[in-house]
Amino acid sequence: MESLITIFREVRDPRDFNAQHDLPAMLFIGLAATLCGAKSCVDFADFAEANVDAMAEIVDLEHGPPSHDSFSRLFRLLDPEEMAQVFARFAKALREGLGLGPAKGVVSVDGKRLRRGYERGRAYMPPLMISVWDAETRLSLATRHAPGGDEVAATLAALKGLVLKGCIVTGDALHCHPRMATAVREEGAHYAFKLKGNHGPLFACATAAFAVADAGGKLAVFEQSDSDHDRRERRRASVIAPPADAPAFPDLAAFGRIESERYANGKLTMTVHYVVLSKRLSPERMLEVIRMHWSVENQLHWPLDVVFNEDDARTRKNYAPANLGVLRRIALDILRAHPDNRSVGRKMKLAAWKKVFFFELFAHMQ
């Protein structure tokens, strides 16, 4: 708990000199309220008033609990870059507290829209948050707001400063371009990016190369089948070296292909996905890496929407949507790091109902 407050003390205060409430105190109360199920600045103010005595034992509340307007003003003005740095310091402290070193396996990058966080008249452009996700530990490594919806630029900024040596960085087709590949390789990591028609020459080269390999009849294939929840799925993975005349792409070492057949609700769906790789992987490992990428959706984006109701959050002015998004991601990692085997949603309720459990949540950051 002290380490979190220390991290919050490093944030530059954007308010006027006459602001009464201590900024680290307000950030901590906002996080504490989020851990207990709060969704908005109104909830933060209600939480502060209902728990003023308990909060006053932890942070400075010389002027009493902050109001809704005080919380709203702070989060509207606070620079999202400051909150990105807060998250980076938090992630480092949490991993150290859990005895985890730098990421070693699959690291996924992906963006998520705050669908109802748009300003009036701009429903077509809701705020965008990007995440750098450690698929092995199911913890975030970095998160930040993407100004103007520029996911690539925000991702490149988030990757700077991370220790990724030896990792495999995965991303969807949006990230399959030379700048991203170069940035990943400069960090000492390898990449596995989905390849689609938006990268026309490279996509055409991959499809043609696999057609030639299929015709030769000697293509090594790894096949995997599973069935669950009244659906059956079969996947066939293969990897080939790029042809000598392949379009230039930084450190391109191989193309991957995943052919999927999915039978559900009486309907058969067939899809083919291509992947660019900076390291020649076995078909089995390539399939494992690509499937692990989607944990960023299942283990990060899904809980944010279902447990924290992020998609329905209507906070919309200035920087508030992005800053509250960072608080939710900190809260999710804190809840997930607790060893209790309850779901994140149940831990949230228990934190609100049981003061001892609430304080236990911070024990891993000592």
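Select Y263, L268 and M270 to start: in this predicted model they form a nonpolar patch on the surface. Together the three residues have about 320 Å² of accessible area. Now keep M270 alone. M270 sits in strand β9, and its relative accessibility of 58% makes it count as exposed, because exposed means over 50%.

**The largest pocket**

Strand β9 covers residues 267-277, and it is among the elements that supply at least two residues each to the lining of the largest pocket. Show the other contributors with it: β6 (222-228), β7 (231-240), β8 (254-264), α10 (283-293) and α11 (295-306). Which of the elements gives the largest share of this lining? Colour β8 separately, since four of the lining residues come from β8, the largest share.

The pocket has a volume of about 690 Å³, and 21 residues line it. To find the middle, select E233, R235, R262, R291 and W294, which lie nearest the centre. Colouring the lining by residue class gives ten charged, seven polar and four nonpolar residues.

Stay with two of the central residues, E233 and R235. Their side chains form a salt bridge, with the closest N and O atoms 3.4 Å apart. Are these two residues buried or exposed? R235 has a relative accessibility of 4% and counts as buried. E233, at 17%, counts as buried too, because the limit for buried is under 20%.

**The second largest pocket**

Move next to the second largest pocket, which has a volume of about 430 Å³. It is lined by 23 residues, and A88, K92, L141, G161 and L162 are the closest to its centre. Select α6 (80-97), β3 (139-145) and α7 (151-159) to see the elements that give two or more residues to this lining. Helix α6 gives the most, with eight residues. By class, the lining of this pocket holds 13 nonpolar, six charged and four polar residues.

**Two residues with positive phi**

Just ahead of β3 is a loop worth a stop. Select R138, which lies in the loop between β2 (128-134) and β3. R138 has a positive phi of about 60 degrees although it is not a glycine. Most residues other than glycine have a negative phi. With a relative accessible area of 42%, R138 is partly exposed.

Where is D251? Select D251 in the loop between β7 and β8. D251 also is not a glycine, and its phi is positive, at about 55 degrees. Its relative accessibility of 45% makes D251 count as partly exposed.

**Salt bridges around K112**

Side chains of opposite charge can pair when their charged atoms come close. The whole structure has 22 salt bridges. Centre the view on K112 and show the side chains around it.

One partner is D305: the closest N and O atoms of K112 and D305 are 2.9 Å apart. This pair links distant parts of the chain, with K112 in strand β1 (residues 106-113) and D305 in helix α11, 193 residues apart. K112 is buried, with a relative accessible area of 5%, whereas D305 is partly exposed, at 24%.

Now add E310. E310 and K112 meet in a salt bridge at 2.8 Å, N to O. E310 belongs to the loop between α11 and α12 (320-337) and K112 to strand β1, so this pair ties together parts that are 198 residues apart in sequence. Both E310 and K112 are buried.

What else is linked to these residues by salt bridges? Extend the selection to R115, D311, R328 and R329, which are linked with K112, D305 and E310 in a network of salt bridges.

**K196 and H273**

For the last stop, select K196 in the loop between β5 (190-195) and α9 (200-216). K196 counts as partly exposed, with 44% relative accessibility. Add H273 and draw a distance between the two C-alpha atoms: they are separated by 7.8 Å, while the residues are 77 residues apart along the chain.

Notes: Residues numbered from 1 in each chain as written. Predicted model: local features only at pLDDT ≥ 70, side-chain atom pairs only at ≥ 80, totals over all residues. Heavy atoms only, no water. 1 Å grid on protein atoms, 1.4 Å probe; cavity = no way out; pocket = protein on both sides within 12 Å on 5 of 7 lines; lining within 4 Å. Points joined across faces, edges and corners; volume = space filled by probe spheres on them. Nonpolar A, V, L, I, M, F, W, Y, C, P; charged D, E, K, R; others polar. Patch = residues over 30% accessible without salt bridge, like charges linked within 9 Å, V, L, I, M, F, W, Y side chains within 5 Å. Areas by Shrake-Rupley, 256 points an atom, 1.4 Å probe, with all protein chains shown as cover. Salt bridge = Lys/Arg side-chain N within 4 Å of Asp/Glu carboxyl O. Buried < 20%, exposed > 50% of the residue type's maximum accessible area, 1.4 Å probe, protein only.
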